[in-house]
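Ready for a few warm-up exercises on a structure you haven't met before? Have a look at the model first, then work through the tasks one by one.

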Amino acid sequence: MAPGSHPYRGVAIAGVHNTAQARALPGHTSLSITVDAVHGALADAGLTLDDVDGVSAADLSARLIHDLRVGPAWRGTQYGLGMIAEAAAAIAAGMCDVAVVASGEAGVYTERAATAPWTRPENEFVIPWGLFTAAEFALIARRHMIEYGTTEDQLAVVAATIRNNGHVNPDAVYHGRGPYTPADIRASRPIADPFRLLDCAITSEGGCALVLTAADRAPDLPHAPVYLLGMASDCLGPAYQHPPAYDLAGRRAGQPSAGLVGQRAADRAFRTAGLSRADVDVLELYDPFSFEVIRQLEAFGFCAPGEGGPFVADGHIAPDGNHPVTTDGGLLSYSHAGSNPQMLQRAIRAVQQVRGTCASTQIPGARVALASAGGSGALFSQVALFGTERP
Amino acid sequence: MTTVLAPQTGIPLNPVTPLSAPFWDGCADGELRYQRCTDCGTANFTPTDLCRGCTSRGLEWRVSAGLGTVYSWTVVHRPVTPAFTTPYAVAIVDLDEGYRMLTNLIGIDADAVREGLRVRVDHHGVGGERVLPYFRPQFAPPTTGD
């Protein structure tokens, strides 16, 4: 890409913040924990609510604009990592100068005999078969095992690696719960095979937020700016309405199927960034289930389709490996605070990694980080690249 | 220990819609129905008002032979809600007419399910008036550990 033509060159990520994350945050609502996250990210950016003229908070956007009295303001409509790219594009296009991207959940998961509410489908052709998110993703994982011989032991390596990153992270909901061996993962109770309890994301509550500003303000801000280098997303249909089949594909020849969803997005994110896979220092991969990490390493082009199992078993994804993944413990150990915060939190960790400010499992000298969200069982994938060098 | 998988009763269901009523009426009559496009021949499921093959609105209801092949499956041990009895086996079945369904497998040991298993539809009432199209092995069930 020619100098000066990068779509996000004029945008800096100035602040990031995660609130306390916990199995439950008594006294908090989704709104109150989201507002705590907004205050925290603004403080990190050295800004205040008086500076904000853009808000993206999914279904809370308009309410926050009203209740925080930051209107008139640009209102975001995206979800997950798309919130960040949408806010960056809004700043680049001159629609606003300081955008807050925020999400949080608390007080939502109360009926513990059932799986978490955001994991339970409502479609009339899905609900009678007893599906929930773990079963949806298991149907993709099973097919990968059939096609490529991927093993439960390889899945367990992923879960142990990421859960051990959470074990040493003082901010993780499951801090100190490990360390785990792959055998420990295999010994946990079955949920939806091939997934056992420790292959699956935890449930928790918490909030998170990022602050994006016009890059020309960045020299006045407390932290060195982090840049969005590229972002793209892929969708193959509505989540949890159709069979999550590995080979589900659209009409264009040669395009990836659901088993490789995110491949097209990754190609485009790298093209926008002008980077190659070898430039990535750390991968903050979305980890709702252990298998999704194997799948994403293939889809995003870090190994060939079918090679993800041996790739993780060979130690590549360990903190001292050449592709360290999900360094805060991810959804498996750090936090899984509802459907949207968990996706933004991969980006927040990516920003912290390239800033060099992680309290645990900081990858030395990390300058480019990949974050992802979504997954094959939900028929969508989002990929974002963050770095310290202005694009 | 092996468990022969069985139908559920009293599970949560979502309302029938005008679009899906012919399908559920068929289940009540012991038929597995799907929509075939009169323009391009594509077999469509779940119920739709536009053919997913060619976007035509020329769709007609047909009765499937109810025979298919297991594409993928998962045996669930932690139920989505307490209304479900575990274990149950969620499966994606490829019907011989060229479409695909989510279902539960019954009449087979949980440990005996295999990719490519031939199955046939087996309707069961689950409470109220709703009848669900479960699938069971088309031939004699394989023995566990085969």
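**Exercise 1. Find out how many residues of strand E4 (residues 98-105) of chain A are buried, and which way they point.**

Solution. Keep in mind that this is a predicted model.
- Start with the count: 8 of the 8 residues in E4(A) are buried, so the strand is mostly covered, taking buried to mean under 20% relative accessible area.
- Next, sort them by direction. Val98(A), Val100(A), Ala102(A) and Gly104(A) point one way, while Ala99(A), Val101(A), Ser103(A) and Glu105(A) point the other way.
- Both sets are buried, Glu105(A) included.

**Exercise 2. Work out which strands pair with E4(A), and in what sense.**

Solution.
- Try strand E2 (residues 54-56) of chain A: it runs parallel to E4(A), and 3 bridges join the two.
- Now take strand E7 (residues 206-214) of chain A, which pairs with E4(A) in the antiparallel sense over 8 bridges.
- Ala99(A) shows both pairings nicely: it is the bridge partner of Gly54(A), and its own partner in E7(A) is Leu212(A).

**Exercise 3. Lay out the whole sheet and say which strands stand at its edges.**

Solution.
- Follow Gly54(A) away from E4(A): it stands opposite Trp74(A) in E3(A). E2(A) and E3(A) run parallel, joined by 2 bridges.
- Put together, the open sheet has 5 strands in the order E1-E7-E4-E2-E3 (chain A), with mixed pairing.
- Strands E1 (11-18) and E3 (74-75) of chain A each have a single partner strand, so they stand at the edges with one side lacking a neighbour in the sheet.
- What packs on this sheet? Helix H3(A) does, touching E1, E2, E3, E4 and E7 of chain A. Its direction makes about 25° with that of E7(A).
- H3 (residues 82-92) of chain A is itself mostly covered, with 9 of its 11 residues buried. Among them are Met83(A), Ile84(A), Glu86(A) and Ile91(A).
- Just after this helix, Gly94(A) takes a positive phi of about 80°.

**Exercise 4. Describe how helices H4 (residues 133-148) and H8 (residues 290-299) of chain A pack.**

Solution.
- Read off the geometry: the angle is about 60° and the axes are 10 Å apart.
- The two helices are therefore oblique to each other, and their crossing is left-handed.
- Now list who meets whom. H4(A) brings Phe137(A), Ile140(A), Ala141(A) and His144(A); H8(A) brings Phe291(A), Glu292(A), Ile294(A), Arg295(A) and Glu298(A).
- Sorted by class, this contact has 5 nonpolar, 1 polar and 3 charged residues.

Technical notes. Residues are numbered from 1 along each chain as its sequence is written. Chains are lettered from A and ligands numbered from 1 in the order in which they are written. This is a predicted model: local features need pLDDT of at least 70, side-chain atom pairs count only at pLDDT 80 or more; totals for chains, interfaces and linings use all residues. Side-chain values use heavy atoms; hydrogens and water are left out. Axes are lines fitted to C-alpha atoms, for helices over the stretch in contact, and angles run from 0 to 180 degrees between N-to-C directions. Helices (H or I, at least four residues) and strands (E, at least two) are DSSP runs, numbered from the N terminus. Angles under 35 degrees count as roughly parallel, over 145 as roughly antiparallel, 65 to 115 as roughly perpendicular and the rest as oblique. A crossing is left-handed if the near helix is turned anticlockwise from the far one by less than a right angle, and right-handed if clockwise. Contact means heavy atoms within 4.5 Å. Ala, Val, Leu, Ile, Met, Phe, Trp, Tyr, Cys and Pro count as nonpolar, Asp, Glu, Lys and Arg as charged, and the others, Gly among them, as polar. Buried means under 20% relative accessible area, exposed over 50%, partly exposed in between (1.4 Å probe, protein chains only). Two strands pair if DSSP finds at least two bridges between them.
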